[in-house]
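Work through the exercises below with the sequence and the model side by side. Try each task before reading its solution.

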Amino acid sequence: MDSKPAGFALRLVAAALIVRGDEILIGQRRPNQPMALKWEFPGGKIEAGESPQQALARELDEELGITATIGPFVTHIRHNYRHGGAVDLQFFAVREFTGEIVNHIYHQFRWVRLEELSSYEFLAADRELIRDLAAGKLL
């Protein structure tokens, strides 16, 4: 028997903190997506039977066309959205990848300095992480 309230959906997500020197890669959602034009970190849903690292490697290939070396676990966030959905995010550092980044899903993507992250409008689930990254914590 499922004890979650009706309409409750928990999405399990793996996301990458792709770092290049003192910059990190962020992507902006397309105008036709939910939470349009908000910024986020690359990654996506963990499918049944996948580890978070396997899911993240697959998502980075699908979204950006790169073969990434998934680095260490950085942090975990669970966020409940006002509309009733919830997301369980696991973040991993990615410092190495092969291939040229090709934008397959985003409105745009950018390399930004860690201290500049707070000037972008991120998804609500990422906001505390953004503060920590901008302050030089975690990475």
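**Exercise 1. Place Glu40 in the fold and decide whether it is buried or exposed.**

Step 1. Glu40 sits in strand S3, residues 39-40. Strands are DSSP runs of E with at least two residues, helices are runs of H or I with at least four, and both are numbered from the N terminus.

Step 2. This is a predicted model, in which local features need pLDDT of at least 70, side-chain atom pairs count only at pLDDT 80 or more, and totals for chains, interfaces and linings use all residues. Residues are numbered from 1 along each chain as its sequence is written, and side-chain values use heavy atoms, with hydrogens and water left out.

Step 3. The relative accessible area of Glu40 is 12%, so the residue is buried. Buried means under 20% relative accessible area, exposed over 50%, and partly exposed in between (1.4 Å probe, protein chains only).

Step 4. Look for a polar partner. The side chains of Glu40 and Arg29 form a polar contact of 3.1 Å. Such a contact is a pair of N or O atoms within 3.5 Å; within protein, one must be able to donate a hydrogen and the other to accept it, and residues adjacent in sequence count only if both atoms are side-chain atoms.

Step 5. List the surroundings. Beyond four places in sequence, Glu40 touches Ile26, Gly27, Arg29, Tyr106, Phe122, Leu123 and Asp126. Contact means heavy atoms within 4.5 Å.

**Exercise 2. Find which residues of the largest nonpolar core touch the most other members.**

Step 1. Fix the term. A nonpolar core is a set of buried Ala, Val, Leu, Ile, Met, Phe, Trp, Tyr and Cys residues joined through side-chain atoms within 4.5 Å.

Step 2. The largest core has 24 residues, and Ile24, Ile26, Phe41 and Leu117 touch the most other members. Two or more residues each come from strands S1 (9-20), S2 (23-28), S6 (73-80) and S7 (85-94), and from helix H2 (127-134). S7 gives the most, with four residues.

Step 3. Follow one member. Leaving aside neighbours within four places in sequence, Leu117 contacts Ile24, Ile26, Val112, Phe122, Ile130 and Leu133.

Step 4. A separate second core holds 16 residues, including Ala16, Leu64, Phe92 and Ile101.

**Exercise 3. Compare Ala16 and Leu10 in strand S1.**

Step 1. Ala16 is in S1, and its relative accessible area of 0% makes it buried. Its contacts beyond four places in sequence are Phe41, Pro42, Leu56, Leu60, Phe92 and Val94.

Step 2. Leu10 is also in S1, but counts as partly exposed at 27%. Beyond four places in sequence, Leu10 touches Arg78, Ala86, Val87 and Asp88. The C-alpha atoms of Leu10 and Val87 are 5.4 Å apart, across 77 residues of sequence.

**Exercise 4. Which residues of H1 and H2 are buried, and how are they arranged around each axis?**

Step 1. H1 (residues 52-64) has 13 residues and spans 17 Å from first C-alpha to last, close to the 18 Å expected at 1.5 Å a residue. The expected span is 1.5 Å times one less than the number of residues.

Step 2. In H1, Pro52, Ala55, Leu56, Glu59, Leu60, Glu63 and Leu64 are buried. They cover an arc of only 130°, which puts them on the same side of H1. The arc is that of the directions from the helix axis to the C-beta atoms.

Step 3. The cover over these residues includes S1, S2, strand S4 (43-45), strand S5 (67-69) and S7. Just after H1, Gly65 has a positive phi of about 70°.

Step 4. In H2, Leu129, Ile130 and Leu133 are buried. They fall within an arc of 105°, so they line one face of the helix. Glu128 and Arg131 are exposed on the other side. The buried residues of H2 pack against S1, S2, S6 and S7.

**Exercise 5. Where does pLDDT stay under 50?**

Step 1. pLDDT is the predictor's confidence in each residue, from 0 to 100. The protein averages 93, and 94% of the residues score at least 70.

Step 2. pLDDT stays under 50 over residues 1-6, which have zero contacts beyond four places in sequence. Where pLDDT is low, the predicted coordinates should not be read in detail.
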